[in-house]
Each structure stands twice: as C-alpha cells, then as structure tokens.
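Colleague: I should be grateful for a close look at one part of this model, beginning with a loop and its surroundings. Please then continue to the helix and strands.

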Amino acid sequence: GGPNVSTAMAVREQHGQDESMHICAPPDAVVWPQTVGQVQELAELCHRHRLPMVPFGTGTGLEGGVNAVQGGVCFDLSRMDAISELSLEDFSVMVEPGVTRKALNSHLRGTGLWFPVGTACRGPWVAELGVLGDTCGAGGA
C-alpha cells in the first residue's frame, strides 16, 4: 500500500505507454515491488484474481509492450535496482530488474568494462532494453 501502489490516472497513463506509436492503454493500478518475495506475492494475487500483469522498466520500449490492453496491474521494477556479484574474471554481473544501462556503467567505471548500447541480451534484469530471459552478453564479443 501507500507509496508502493497507485491508481492515479497520471501515473497509470505514464505506465501505459512507451516510445512506440501505440495509443496509451493504462493499467488499472501500478505497484512498485522492492523484493523478489513481493513480486511473487503480487504475481500470485494477480493469478488468483485473473488480472493481467504488465512489467515496466523505464518505458523506452518501441513495441508497445507496456500497454495494458486488457487492464491489469503494472509491475514497475525500477526500485529493484541492486547490483551485486561482479566477476571481472568471467565478465558477469548479477543485477536486479530495475538496473539501467547507465547505472550499470557507473558501477563498472574504473574496471575497464562497460555495457554498450545495442547489446544482444537475454536477462531478467535488462529492464531498460525491455528484454527478458536469463543471460546477457555483448553481441559479437
């Protein structure tokens, strides 16, 4: 509740469109989970009540993936932004879904590593790129 949930129209509209040409389709509510456990609880609640779940990273997608065409609950993952387990030896880092490329590059500053724009990704944390999966690496690297 409180600062972690909103049904305000302005907030819903902000979360109901990205950079695509698609018309805004706002969710019924926006939530800001901060832990994996909270995401799990919210997902179970949505499943039980048959409510669509719409993930939201930064809203920079070009495909309309954040448009809640059937309403539902938008999961804004921006507050899940921890960066951990950096391994310089195997060029890997574990991050939460709210970590942006800019924040990751700030964290990597001084290591000789960076995360470039246009990287081919498969990772649950790549909210800025709007890509879901399980691993990420530089395309062609």
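Modeller: The loop that connects helix 1 (9–14) with strand 2 (29–31) contains S20. Please bear in mind that this is a predicted model. S20 has a relative accessibility of 14%, and it counts as buried because that value is under the 20% limit. Beyond its neighbours within four places in sequence, S20 is in contact with G61, L62, E63 and G64. The side chain of S20 also comes close to backbone nitrogens: that of G64 is reached at 3.5 Å, and that of H22 lies 3.3 Å from a polar atom of the S20 side chain.

I turn next to helix 2, which covers residues 36–48 and includes A43. Its 13 residues should span 18 Å at 1.5 Å a residue, and the C-alpha atoms at its two ends are 18 Å apart, so expectation and model agree. Just after helix 2, R50 adopts a positive phi of about 55°.

A43 itself has a relative accessible area of 24% and is therefore partly exposed; the class applies because the value falls between the limits of 20% and 50%. Setting aside residues up to four places away in sequence, A43 touches M53 and F75. A43 and F75 are 32 residues apart along the chain, while their C-alpha atoms are separated by 9.3 Å.

The two residues touched by A43 lead to the strands. M53 belongs to strand 3 (residues 53–56), on the uncovered face that also holds P55; the covered face of strand 3 is formed by V54 and F56. Strand 3 and strand 4 (residues 73–76) run parallel and are joined by 4 bridges. Within strand 4, F75 is the bridge partner of P55. F75 thus appears twice in this account, as a contact of A43 and as the partner of P55.

Two cysteines deserve a remark. C46 has 4% relative accessibility and so counts as buried. C74 is likewise buried, with a relative accessible area of 1%. A disulfide is a covalent bond between the sulfur atoms of two cysteines. Where a disulfide requires two cysteine sulfur atoms within 2.5 Å, the count for this model comes to 0.

Terms used:
Residues are numbered from 1 along each chain as its sequence is written. This is a predicted model: local features need pLDDT of at least 70, side-chain atom pairs count only at pLDDT 80 or more; totals for chains, interfaces and linings use all residues. Side-chain values use heavy atoms; hydrogens and water are left out. Buried means under 20% relative accessible area, exposed over 50%, partly exposed in between (1.4 Å probe, protein chains only). Contact means heavy atoms within 4.5 Å. Two strands pair if DSSP finds at least two bridges between them. The expected span of a helix is 1.5 Å times one less than its number of residues. A polar contact is a pair of N or O atoms within 3.5 Å; within protein, one must be able to donate a hydrogen and the other to accept it, and residues adjacent in sequence count only if both atoms are side-chain atoms.
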